[in-house]
Amino acid sequence: MKCADCGKELERDETALSYKLIGRGAKACYCLKCLGGQFRLTEAALKDMIVRFREAGCTLFR
């Protein structure tokens, strides 16, 4: 899958975070840079979210 904004090939965690923040029914996913721009968050903050969601047992982050 590719980022809907910039076309970068997405990593698994980027896809999972897109679904988590936008909704599981999202038709488009975004890389951390573009997702951060939409939500006004840094890439570091988004990476921290990934870690927290994974530790909380979210099934999107396996």
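A nonpolar core is a set of buried Ala, Val, Leu, Ile, Met, Phe, Trp, Tyr and Cys residues joined through side-chain atoms within 4.5 Å. With that in hand, let's look at the model above, which is a predicted one. Its largest nonpolar core has 16 residues, and the members that touch the most others are Cys 3, Leu 17, Leu 46 and Phe 61. The helices α1, α2 and α3 each put at least two residues into this core.

Phe 61 is a good place to start. With a relative accessibility of 3%, Phe 61 counts as buried, because the cut-off for that is under 20%. What does Phe 61 touch, once residues up to four places away in sequence are set aside? Its partners are Asp 13, Ala 16, Leu 17, Lys 20, Ile 50, Phe 53 and Arg 54. Several of these names come back below.

Take Phe 53. A search of the whole structure turns up 1 aromatic pair. The pair is Phe 53 with Phe 61: the ring centres are 5.7 Å apart and the planes meet at 20°, so the two rings count as stacked. Phe 53 itself is partly exposed, at 21% relative accessible area. Lys 20 joins in here too, as its charged end sits over the ring of Phe 53, 4.9 Å from the ring's centre.

Next come Asp 13 and Arg 54, also on the list of contacts of Phe 61. These two form a salt bridge, with their closest N and O atoms 2.7 Å apart. The link spans distant parts of the chain, since Asp 13 belongs to helix α1 and Arg 54 to helix α3, 41 residues away. Both ends are partly exposed: Arg 54 has 37% relative accessibility, and Asp 13 has 25%.

The structure holds 2 salt bridges, and the other features Glu 14 and Lys 8, whose side chains meet at 3.0 Å, N to O. Are the partners buried or exposed? Glu 14 is buried, with a relative accessible area of 7%, while Lys 8 is partly exposed at 35%.

Those two residues lead on to Cys 31. Leaving out neighbours within four places in sequence, Cys 31 contacts Cys 3, Cys 6, Lys 8, Leu 10 and Glu 14. So Cys 31 touches both partners of that salt bridge, as well as Cys 3, one of the core residues that touch the most other members. Where in the chain is Cys 31? You'll find it in the loop between α1 (12–22) and α2 (32–39). Despite being in a loop, Cys 31 counts as buried, with just 4% relative accessibility. Glu 55 comes 24 residues from Cys 31 along the chain, and the C-alpha atoms of the two are separated by 21 Å.

Now follow the chain into α2. Here Leu 32, Cys 34, Leu 35 and Gly 36 are buried, and what covers the buried residues of α2 includes α1 and α3.

After α2 comes Arg 40, placed in the loop between α2 and α3 (43–55). Most residues other than glycine have a negative phi. Arg 40 isn't a glycine, yet has a positive phi of about 55°. Arg 40 is also exposed, because its relative accessible area is 78% and the cut-off is over 50%. Set that beside Cys 31, the loop residue on the other side of α2, which is buried at 4%.

Definitions and conventions. Residues numbered from 1 in each chain as written. Predicted model: local features only at pLDDT ≥ 70, side-chain atom pairs only at ≥ 80, totals over all residues. Heavy atoms only, no water. Helix = DSSP H or I, 4+ residues; strand = E, 2+ residues; numbered from the N terminus. Buried < 20%, exposed > 50% of the residue type's maximum accessible area, 1.4 Å probe, protein only. Contact = heavy atoms within 4.5 Å. Salt bridge = Lys/Arg side-chain N within 4 Å of Asp/Glu carboxyl O. Phe/Tyr/Trp six-rings, centres within 6.5 Å; stacked < 30°, edge-to-face > 60°. Lys NZ or Arg CZ within 6 Å of the ring centre and 35° of its normal.
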